[in-house]
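I opened the notebook with a plain aim: to look up how the helices pack, where the model can be trusted, and what a few single residues do. The entries follow in the order in which I looked.

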Amino acid sequence: MTRLARFERRVVPYLDAAYNLARWLTRNDHDAEDVVQEAFARAFRYFDSLKDSDARAWLLAIVRNTGYTWLEKNRPADVIALEDSGLVGADAEVIGHAAPAESNPEVIVLQSAQRKLVNQALEDLPVAFREVLVMRELEDLSYKEIAHIAGVPIGTVMSRLARGREMLRKLLDKRMRKAS
């Protein structure tokens, strides 16, 4: 089997996850496409280093690093230094994109509006909090996988998740008060 065929079999199935992470990092479809294209070029270049590890986590680490490089070059204000010294208390509700439980058009419209509200609030989070929430809640990665991808200790992942969820909850509360 050729190197390209092995790459296509092991890495390309995670294209959607790569795009999803890049989209949340850059907050723009076109920019996410650029990041994913560059990340896949890097992934192919270093494909031989993959060995038997998880191709999804390996690719998402490359996407994350490529995304941060892109942000530093194009939007340095989006990349902020983080202080993970303290945990924020209670976890907020889990973000999700579950299918509507009912086929009632009114329920579907309300759920769609809620999803839009959550997505907008998520985009307002600082990138470091947004990325761990996306990796955990939307990509369903473990704390260990996120720590490996982000290059931070598991405790930092847990701290960022707790703080990000709390920030997201506050943003949602604020948006809901403004809407009513």
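**Helix packing, beginning with α4 and α6**

I began with α4 and α6, whose axes come within 13 Å and cross at roughly 155°. Since an angle over 145 degrees counts as roughly antiparallel, I entered α4 and α6 as roughly antiparallel to each other. The crossing in which α4 passes α6 is right-handed. Looking up the residues that touch, I found Arg64, Tyr68 and Leu71 on the α4 side, meeting Val127, Ala128 and Glu131 on the α6 side. Sorted by class, this contact of α4 with α6 holds four nonpolar and two charged residues, and no polar ones.

I then turned to the other partner of α6 on my list, helix α2 (residues 15-26), which packs against helix α6 (residues 127-138) at an angle of about 155°, the axes being 9 Å apart. That angle makes α2 roughly antiparallel to α6, and I noted the crossing of α2 and α6 as right-handed. From α2 the residues involved are Asn20, Leu21, Trp24 and Leu25, and they meet Val127, Arg130, Glu131, Val134, Met135 and Leu138 in α6. I classed the residues of this contact of α2 with α6 as seven nonpolar, one polar and two charged. Comparing my two lists, I see Val127 and Glu131 of α6 entered in the contact with α4 and entered again in the contact with α2.

For the pair α2 and α3, I read an angle of about 130° with the axes 8 Å apart. The two helices, α2 and α3, are therefore oblique to each other, and their crossing is right-handed. On the α2 side the contact is made by Leu15, Ala18, Tyr19, Ala22, Arg23 and Thr26, and on the α3 side by Asp29, Asp31, Ala32, Glu33, Val35, Val36 and Phe40. By class, the residues of the contact of α2 with α3 come to eight nonpolar, one polar and four charged.

**The chain as a whole, and confidence**

I stepped back to the whole chain, and record here that the model is predicted. The secondary structure comes to eight helices and zero strands. Of the 180 residues in the chain, 39% count as buried. I also looked up how far in sequence the contacts reach: among those between residues at least 6 apart, 70% join residues at least 24 apart.

The mean pLDDT of the chain is 81, with 78% of the residues reaching 70 or more. Where does confidence stand lowest and highest in the chain? I found it lowest in helix α5 (residues 105-124), at a mean of 70, and highest in helix α3 (residues 29-45), at 95. Over residues 81-102 the pLDDT is below 50, although this stretch has 39 contacts in the model beyond near neighbours in sequence. Where pLDDT is low, the predicted coordinates should not be read in detail, and I left the matter there.

**A residue in α4**

Is Leu59 buried or exposed? Leu59, which lies in helix α4 (residues 55-74), has a relative accessible area of 0% and is buried. Leaving aside neighbours within four places in sequence, I found Leu59 in contact with Val11, Tyr14, Ala18, Phe40 and Ala43. I also checked the separation of Leu59 from Phe40, which is 19 residues in sequence and 8.0 Å in space, C-alpha to C-alpha. Of these partners, Ala18 and Phe40 had already appeared in my entry on the contact of α2 with α3.

**Positive phi in two loops**

My last look was at backbone angles, bearing in mind that most residues other than glycine have a negative phi. Arg27, not a glycine, has a positive phi of about 60° and is found in the loop between α2 and α3. With a relative accessible area of 28%, Arg27 is partly exposed. Asp140 likewise has a positive phi, near 55°, in a residue other than glycine, and its place is in the loop between α6 and α7 (143-150). I entered Asp140 as exposed, at 59% relative accessibility.

How values were computed:
Residues numbered from 1 in each chain as written. Predicted model: local features only at pLDDT ≥ 70, side-chain atom pairs only at ≥ 80, totals over all residues. Heavy atoms only, no water. pLDDT = per-residue confidence, 0-100. Helix = DSSP H or I, 4+ residues; strand = E, 2+ residues; numbered from the N terminus. Contact = heavy atoms within 4.5 Å. Axes fitted to C-alpha atoms, helices over the stretch in contact; angles between N-to-C directions. Parallel < 35°, antiparallel > 145°, perpendicular 65-115°, else oblique. Left-handed = near helix turned anticlockwise from the far one by under 90°. Nonpolar A, V, L, I, M, F, W, Y, C, P; charged D, E, K, R; others polar. Buried < 20%, exposed > 50% of the residue type's maximum accessible area, 1.4 Å probe, protein only.
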